[in-house]
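Got the viewer open? Here is a tour, stop by stop, with something to select at each one.

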Amino acid sequence: PQTDIVFLKVHKSASSTVMNILFRFGETHNLTFAFPAGGGNQLYYPHHFLARFVQGFSPKSPRRFNILCHHMRFLQPEVQKVVPSSAVYFSILRNPVQLMESSFAYYKGASAFSRVRSLEEFLSQPDRYYNRTSGDRHYAKNLMTFDFGFNPDGDVFPERVQLMIKAIEASFNFVLISEYFEESMVLLKEMLCWDLDSVVFFPLNARDKSTRSSLSDSAVERAKAWNRLDWEIYTHFNRTFWERIDRDIGRERMQREVRALRARQTELARTCLQGTGSVAPKDIKDSSLRPLQHGGARILGYNLKQGLDKEMERTCRRLVTPELQYSSALYKKQFAPKPL
């Protein structure tokens, strides 16, 4: 199994669920994480990543960490200073239209969104509300392009788009697609030589459906045009995702693997969860399992069954622990003061 991993956690792309998988794997196998200095949740995002943002990094003693997975703006030469040279790099993308709808709900306070009532209103005249010089502009335009380290306001010349795609392909071993999350987890398992239980998941940081809004057809087209760089990256990697599945796994085997993954998740949901699945934040009984609420989004969570045996309770709790709480617990464990 691969234990040295860089995951570029692209915003609003089911990346919190992937992060939970990496946290569980790292904890189970006693691996080290490249945590933000001081134990924060982001590696000084939205600045380009620098090695010195990582807790415990020192240029004098080039200590390497197994897993780098917190939010960052990608800059490979700096990333290479904190992970082993054998690390596997991967990321995840989402349809830019859905991503923008999610970003709007989540980052409603961002300067580009703060003066409009709806995403439709923003998309009707985006240039009126969007300011290239504001420090949080990336939440409103080509957010994936930005997270990969490129300029979200760059021109959409075919040559430039090709250079960006080539740069991503040169840096990343594979890219997952959030719309095909189960297939993505099977691909992840294959690429990292992990077992099925390592990629089992319950969706985390998911919004209540009532806070999602659907866009008119014309707004969808405007969102694509406004996020054209993201759209070009997404359509390219959506295509190569399936090409890789056809080459490395095959469609039939992929269907069998997805069925096995679903069956294992159903079994774990029956064992671990009260009720049938996620619940509204106000209904989460254990406050340590309540996800951070942000913007206009209502983030769902889970209730664990009572009376599980110790081993099972640990397995179940790991599956449903929100990102911030899990990150903080692992940080404390990794940097626990050494006994005198």
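Two strands count as paired if DSSP finds at least two bridges between them. Keep that in mind for the first stop, and remember throughout that this is a predicted model.

**Stop 1: the sheet**

Select residues 88-93, which make up strand E3. On one flank, colour residues 174-177: this is strand E4, joined to E3 by four bridges, and the two run parallel. Zoom in on Ile92 and look across to E4, where its bridge partner is Leu176.

Now add residues 5-8, strand E1, which also has four bridges to E3 and also runs parallel to it. Here the pair to click is Ile5 and Val88, which stand opposite each other.

Bring in the remaining strand and you have an open sheet of four, in the order E2-E1-E3-E4, with parallel pairing. E2 (67-68) and E4 are the edge strands; each has a single partner, so one side of each has no neighbour in the sheet.

Go back to E3 and show its side chains. Which way do they point? Val88, Phe90 and Ile92 go one way, Tyr89, Ser91 and Leu93 go the other, and all of them are buried. With six of its six residues buried, E3 is largely enclosed by the rest of the structure.

**Stop 2: a cis proline**

Jump to the loop between H1 and E2 and find Pro46. Put a torsion label on the peptide bond from Tyr45 to Pro46: the bond is cis, with omega near 5°.

**Stop 3: Lys141 and Asn142**

Next, select Lys141, in the loop between helix H5 (126-129) and helix H6 (143-147). Is this lysine buried or exposed? At 13% relative accessibility it falls under the 20% cut-off, so Lys141 counts as buried. To see what surrounds Lys141, display Tyr130, Pro152, Asp153, Trp226 and Asn227; these are its contacts once neighbours within four places in sequence are set aside.

Step along to Asn142, which sits in the same H5 to H6 loop. Asn142 has a phi near 50°, a positive value in a residue other than glycine. Asn142 counts as buried too, because its relative accessibility is 2%.

**Stop 4: the cavity**

Stay where you are and switch on a cavity display. A search of the whole structure turns up one cavity of 30 Å³ or more, and its volume is about 40 Å³. Both residues from the previous stop are in its lining, which consists of Pro96, Leu99, Met100, Ser103, Tyr139, Ala140, Lys141, Asn142, Leu143 and Asn227. Which helix gives the most to that lining? Select residues 96-106: helix H3 leads, with four residues. By class, the lining has six nonpolar, three polar and one charged residues.

**Stop 5: the largest pocket**

Keep H3 coloured and turn to the pockets. The largest has a volume of about 1,100 Å³. To centre your view, pick Lys12, Ala14, Leu204, Asn205 and Ala206, which lie nearest its centre among the 45 lining residues. H3 gives the most here as well, with five residues. H1 (15-28), H3 and H14 (323-334) each supply at least two residues of this lining. Colour the lining by class and you get 20 nonpolar, 17 polar and eight charged residues.

While you are there, click Asn205, in the loop between H9 and helix H10 (217-226). Asn205 has a positive phi of about 60° although it is not a glycine. At 26% relative accessibility, Asn205 counts as partly exposed.

**Stop 6: the second largest pocket**

Now move to the second largest pocket, with a volume of about 340 Å³. Of its 16 lining residues, select Arg24, Thr28, Asp197, Thr315 and Arg318, the closest to its centre. The elements giving two or more residues are H1, H9 (196-199), H12 (251-272) and H13 (310-320). H13 gives the most, with five residues. Colour by class again and the lining divides into five nonpolar, four polar and seven charged.

**Last stop: helix H11**

Finish with residues 228-248, helix H11. Draw a distance from its first C-alpha to its last: the 21 residues reach 30 Å, close to the 30 Å expected at 1.5 Å a residue. Just after H11, click Gly250, which takes a positive phi of about 90°.

Key: Residues numbered from 1 in each chain as written. Predicted model: local features only at pLDDT ≥ 70, side-chain atom pairs only at ≥ 80, totals over all residues. Heavy atoms only, no water. Buried < 20%, exposed > 50% of the residue type's maximum accessible area, 1.4 Å probe, protein only. Contact = heavy atoms within 4.5 Å. Expected span 1.5 Å × (residues − 1). 1 Å grid on protein atoms, 1.4 Å probe; cavity = no way out; pocket = protein on both sides within 12 Å on 5 of 7 lines; lining within 4 Å. Points joined across faces, edges and corners; volume = space filled by probe spheres on them. Nonpolar A, V, L, I, M, F, W, Y, C, P; charged D, E, K, R; others polar.
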